[in-house]
Amino acid sequence: MDKWMAMMAIVCVALLTGCGKSDSEAKSAPDELKEDKAVTAESTEVKEGDEPTEVADAMSEGFDLIASKWKKTPINVRPKGAKANIQDFAQAFCGQYSTYEPNKKMLKYLADPKAYNKEAEVYDVFSDVSNGYISSSLWTEIDRFTKMCFWNRKNGHSLVGVFIINGFENNSESAFMFYDYDPKTSIMTPDLDVCQVVEKVALDKDFEDYALELPQKGKDIEVKLYSDNGEDGYNITEKTLKWTGDTFTLVAGK
């Protein structure tokens, strides 16, 4: 009997010791979870100056939508006056592709130019109605913009040009598009013939990248072609596409 009581005492001590260990771990668990959460929060925190992934993804989606759809998508224009101007064309184009951030900012500017605050929006919108030019550009060192201008054609139509860039910290994606605007129908129709003329110059495989300077003043398009100089930089070759009254032609020797 004494032997049996002794064995029971040993078992009880063992059980109490085990329960005590589990209780201790349970009390310490909340602190450990707090530490784990702190580490997770620190690892996912966006550093100052970094762009949140969702913002970059949204920009790319907006850009991709334009690049993939524009050639098959005519756009209705609603002129506010007797003749459409650059703001009417910008309103139509940006309204069609309003998910692209530079377009969204341009629409906000056009809704109320006097109330537009570029510091608050971090986008600078510049409108030169008399010269048929408008732009919406990210107000930082990153190239991210929509630039537009138009030309009067000999047949009474207008040619509307658009150049967009979606920039990142170390690279960028760009696209250009051209539309023929018929004042009788108030429709901007993709002009693929003009697009092909510009493509032959801008998308030269001998160069790494390109940029278009749509004219604010004058009528010609300046094309900048970039080639790697082997010294962590680029050489720039400039070519001019001269306006003919209907399309463009490459200036000889450039």
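This is a short talk about the helices, sheets and aromatic rings of one predicted protein model.

Hi everyone, a few ground rules before we look around. Residues are numbered from 1 along each chain as its sequence is written, and side-chain values use heavy atoms, leaving out hydrogens and water. Because the model is predicted, local features need pLDDT of at least 70 and side-chain atom pairs count only at pLDDT 80 or more, while totals for chains, interfaces and linings use all residues.

Let's start with the overview. The protein has 6 helices and 11 strands. Here helices (H or I, at least four residues) and strands (E, at least two) are DSSP runs, numbered from the N terminus. Of the 254 residues, 36% are buried; buried means under 20% relative accessible area, exposed means over 50%, and partly exposed is in between, with a 1.4 Å probe and protein chains only.

Now the sheets. Two strands pair if DSSP finds at least two bridges between them. How are the strands of the 7-stranded sheet ordered? This open sheet runs E1-E7-E6-E5-E4-E3-E2, with antiparallel pairing. E1 and strand E2 (123-128) stand at the edges with a single partner strand each, so one side of each has no neighbour in the sheet.

Let's visit both edges. E1 is joined to strand E7 (residues 187-190) by 2 bridges, and Ile 75 has Met 188 in E7 as its bridge partner. On the other side, 6 bridges join E2 to E3, where Phe 126 stands opposite Ser 135. The hairpin of E2 and E3 has 4 residues between the strands, and there Gly 132 takes a positive phi near 65°.

Helix H4 (residues 101-111) lies across E2, strand E3 (133-138) and E4, at about 60° to E2. Such angles run from 0 to 180 degrees between N-to-C directions, with axes fitted as lines to C-alpha atoms, for helices over the stretch in contact. Contact itself means heavy atoms within 4.5 Å.

The second sheet is open too: 4 strands in the order E8-E9-E10-E11, paired antiparallel. On average, its neighbouring strands are turned by 30° against each other, direction ignored. Helix H6 packs on this sheet, touching E8, strand E9 (221-228), E10 and E11, and its direction makes about 35° with that of E9. Strand E10 (residues 234-243) is joined to E11 by 3 bridges, with Lys 242 standing opposite Thr 249 in E11.

On to the rings. How many aromatic pairs does a search of the whole structure find? There are 18. Rings of Phe, Tyr and Trp (its six-membered ring) pair if their centres lie within 6.5 Å; planes under 30 degrees apart count as stacked, over 60 as edge-to-face and the rest as tilted. One of the pairs is Trp 151 with Phe 178, which is tilted at 6.4 Å centre to centre and 40° between the planes. Trp 151 sits in strand E4 (residues 144-152) and Phe 178 in strand E6 (residues 172-182), 27 residues apart. Both Trp 151 and Phe 178 are buried. Ring pairs also link them into a cluster whose members include Phe 145, Tyr 210 and Trp 243.

Finally, Lys 83, in the loop between strand E1 (75-76) and helix H3 (86-96). Is Lys 83 buried or exposed? Lys 83 counts as exposed because its relative accessible area is 59%. Beyond neighbours within four places in sequence, Lys 83 is in contact with Asp 88 and Asn 152. Thanks for listening!
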